[in-house]
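User: I am new to this structure and should like to learn how the packing of a helix is read. Could you please guide me through one example?

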Amino acid sequence: VKIIIMSSTIRLNYHETKPMPHPIPESKIVAAYGLRKCPKLVEQISGSDLQVRINALSVACDELLNPYSVFSCVESGIVSVLASMVSDKDFTTREKASKCLAVLAQDS
């Protein structure tokens, strides 16, 4: 048993872990998949970080062109979140939220 343990330990010493080549910025929106896709996007839109919110609104505008995503996002509560973002103090947030609502209105 000692020989097997020692040989596996020696084998592990030949491998190393390396960090990610470039750290992912916190404001970058990474797509989720499956059932968590739209709820995650709605969470990011309603978050407090301005840059994340703006990036998530841009992704939402593109995502709302897909009818399957529209259904899932509406079930996740995106309409009420976008409606509250229209009166935000940041101009870019208001602009992108209005654009998302326009895309939703064109779909219906």
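Analyst: What covers the buried residues of α2 includes α3 (50–63), α4 (67–75) and α5 (78–85). Helices are DSSP runs (H or I, at least four residues), numbered from the N terminus. The model is predicted: local features need pLDDT of at least 70, side-chain atom pairs count only at pLDDT 80 or more, and totals for chains, interfaces and linings use all residues. Residues are numbered from 1 along each chain as its sequence is written, and side-chain values use heavy atoms, with hydrogens and water left out.

User: Which residues of helix α2 are buried?

Analyst: An α-helix has 3.6 residues a turn, so residues three or four places apart point the same way. In α2 (residues 37–45), the buried residues (under 20% relative accessible area, 1.4 Å probe, protein chains only) are C38, L41, V42, Q44 and I45. These cover an arc of only 160° around the axis, which puts them on the same side of α2; the arc is that of the directions from the helix axis to the C-beta atoms.

User: At what angle do α2 and α4 pack?

Analyst: Axes are lines fitted to C-alpha atoms over the stretch in contact, and angles run from 0 to 180 degrees between N-to-C directions. For α2 and α4 the angle is about 60°, with the axes 8 Å apart. That makes α2 oblique to α4, as angles under 35 degrees count as roughly parallel, over 145 as roughly antiparallel, 65 to 115 as roughly perpendicular and the rest as oblique. The contact (heavy atoms within 4.5 Å) is made by K37, C38 and V42 of α2 and S69, S72 and C73 of α4.

Conventions
Buried means under 20% relative accessible area, exposed over 50%, partly exposed in between (1.4 Å probe, protein chains only). Helices (H or I, at least four residues) and strands (E, at least two) are DSSP runs, numbered from the N terminus.
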